[in-house]
Amino acid sequence: MLANLKNKRPLEDNYRHRGLRRKLVSEIQSKGITEANVLEAIGNVPRHLFMDSSFVQFAYRDKAFPIGKGQTISQPYTVAFQTQLLEVKKFDKVLEVGTGSGYQAAVLCEMGATVFTIERHRELYDKVRALLPSIGYEPMFFHGDGYAGLPTYGPFDRIIVTAGAPYIPEALLEQLKVGGRMVIPVGSQHHQEMKLVVRESETEYRTEDKGGFIFVPLVGGKSG
Ligand code: SAM
C-alpha cells in the first residue's frame, strides 16, 4: 500500500521546483556553461519527473543518480556541457545514443531540435516512451543498439552519445552530416575523454578533446 503510494508520482511542476531549477541554472553557469539556449532549457525541463522515486528529492542537485538497471541520469552540468558543445539549433536533426531517463532528450526537444533517441534497455525505453509525451516532449524513440546508429533516419546534424564508448563507432561517423558535430565520451570503463568530432568534408573529420568525464559504459560494439 505504502509502496504503491510512493511510486505514484504526480506529474506536477510547481513554484518550488521552478525555484530549485533557477538555483541549478546559476550553479552550472558558475561552472562555466554560458550558452543562453542551453541554460534556458535546463531551467525549463522538470528534472524531478525523470528521477527514480528513491532519489526524487535530490533532483536539483548537480549530480548523477541511479535510474535502475545499473544506469544513471547524467549530472546536469554534464548534460549542459555536452549540449553546449553540440551547438544545437532549432530544427536540427539530433541523434542521441543512450536515452536513459529521457532527461537529455527532453533538453534537446526543449531547444527545438528534432530528436531521435536510442536505448538498449527495454524497461528504460518503455518507461521513457510513456513519460516524455505525457509532459510535452515528442522525440522518436528506438529500442536497440546505439553502435549502429539509425542508418535509415540519418544523416544527422548532431549526434550525442551519453555513455562511455571504447572507440568512436564507424556507423555514427557515417551518419553525421558534412558540417555536423558529434559529442562522445571515449575511453576506458573508468574514465573517458569528451571528444568533439566535426565532419569537415565527406572524408575529413576534426576531433578535439574537451576534458575528462565518467559515464556508464556504452555496451556492445566490437569488444562485445
Ligand atoms: N542521456 C541519459 C539521461 O539523460 O538520463 C543518460 C544516459 S545513461 C548515462 C547511459 C544510457 O546508455 C543507459 O541508459 C544505457 O542503458 C544506455 N546504453 C548503453 N549502451 C548502449 C547501447 N549500445 N545502445 C543504446 N543505449 C545504450
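Here are some short exercises, each with a worked solution, on the predicted model shown above.

**Exercise 1. Getting the overall picture**

Find out which secondary structure elements the protein chain has, and check whether its radius of gyration agrees or disagrees with that of a compact globule.

*Solution.*
- Step 1: Go through the helices and strands. The protein chain has seven helices and nine strands.
- Step 2: Get the value to compare with. For 224 residues, a compact globule would have a radius of gyration near 17 Å.
- Step 3: Compare. The protein chain has 17 Å, so it agrees with the globule value.
- Step 4: Add the dimensions. The C-alpha trace spans about 55 × 35 × 35 Å along its principal axes.

**Exercise 2. Inside and surface**

Work out what share of the residues is buried, and what supplies the exposed area.

*Solution.*
- Step 1: Start with the inside. Of the 224 residues, 50% count as buried.
- Step 2: Turn to the surface. The protein chain exposes about 10900 Å², and carbon and sulfur atoms supply 52% of that area.
- Step 3: See how the chain meets itself. Take the contacts between residues at least 6 apart in sequence: 52% of them join residues at least 24 apart.

**Exercise 3. Charges and salt bridges**

Say how far apart the mean positions of the positive and negative charges are, then describe the salt bridge between Asp 157 and Lys 177.

*Solution.*
- Step 1: Look at the charges. There are 28 positive and 25 negative ones, and their mean positions are 7 Å apart.
- Step 2: Look at the pairs. The structure holds 14 salt bridges.
- Step 3: Zoom in on Asp 157 and Lys 177. Their closest N and O atoms are 3.1 Å apart. This pair links distant parts of the chain: Asp 157 sits in strand S6 (residues 156-161) and Lys 177 in strand S7 (residues 176-187), 20 residues apart.
- Step 4: Classify both partners. Buried means under 20% relative accessible area. Asp 157 has 17%, so it is buried. Lys 177, at 30%, counts as partly exposed.

**Exercise 4. A second pair, and a network**

Decide whether Lys 89 and Asp 92 are each buried or partly exposed, and find which residues join Arg 206 in a network of salt bridges.

*Solution.*
- Step 1: Check the bridge. The side chains of Lys 89 and Asp 92 meet in a salt bridge of 3.8 Å, N to O.
- Step 2: Classify. Lys 89 is partly exposed because its relative accessibility is 48%, while Asp 92 is buried at 6%.
- Step 3: Move on to Arg 206. Its side chain meets that of Glu 208 in a salt bridge of 2.3 Å, N to O. Arg 206 is partly exposed at 33%, and Glu 208 is partly exposed at 26%.
- Step 4: Widen the view. Glu 200, Arg 206, Glu 208 and Lys 210 are linked in a network of salt bridges.

**Exercise 5. Spotting unusual backbone**

Explain why a positive phi or a cis peptide bond catches the eye, then locate Lys 69, Phe 91 and Pro 155.

*Solution.*
- Step 1: Recall the usual case. Most residues other than glycine have a negative phi, and most peptide bonds are trans, which is why exceptions catch the eye.
- Step 2: Take Lys 69. Its phi is near 60°, and its place is in the loop between strand S1 (65-68) and strand S2 (71-73). Lys 69 is partly exposed at 42%.
- Step 3: Take Phe 91. Its phi is positive, about 70°. Phe 91 lies in the loop between helix H4 (76-86) and strand S3 (93-97). With a relative accessible area of 66%, Phe 91 is exposed.
- Step 4: Finish with Pro 155. A cis peptide bond joins Gly 154 and Pro 155, with omega about 0°. Pro 155 is in the loop between strand S5 (140-143) and S6.

Conventions
Residues are numbered from 1 along each chain as its sequence is written. This is a predicted model: local features need pLDDT of at least 70, side-chain atom pairs count only at pLDDT 80 or more; totals for chains, interfaces and linings use all residues. Side-chain values use heavy atoms; hydrogens and water are left out. Helices (H or I, at least four residues) and strands (E, at least two) are DSSP runs, numbered from the N terminus. The radius of gyration is taken over C-alpha atoms; the globule rule is 2.2 Å times the number of residues to the power 0.38. Buried means under 20% relative accessible area, exposed over 50%, partly exposed in between (1.4 Å probe, protein chains only). Contact means heavy atoms within 4.5 Å. Accessible areas come from the Shrake-Rupley method with a 1.4 Å probe; for residues, only the protein chains shown count as cover. Lys and Arg count as positive and Asp and Glu as negative; His and the chain ends are not counted. The place of a charge is taken as NZ of Lys, CZ of Arg, CG of Asp or CD of Glu. A salt bridge is a side-chain nitrogen of Lys or Arg within 4 Å of a carboxyl oxygen of Asp or Glu.
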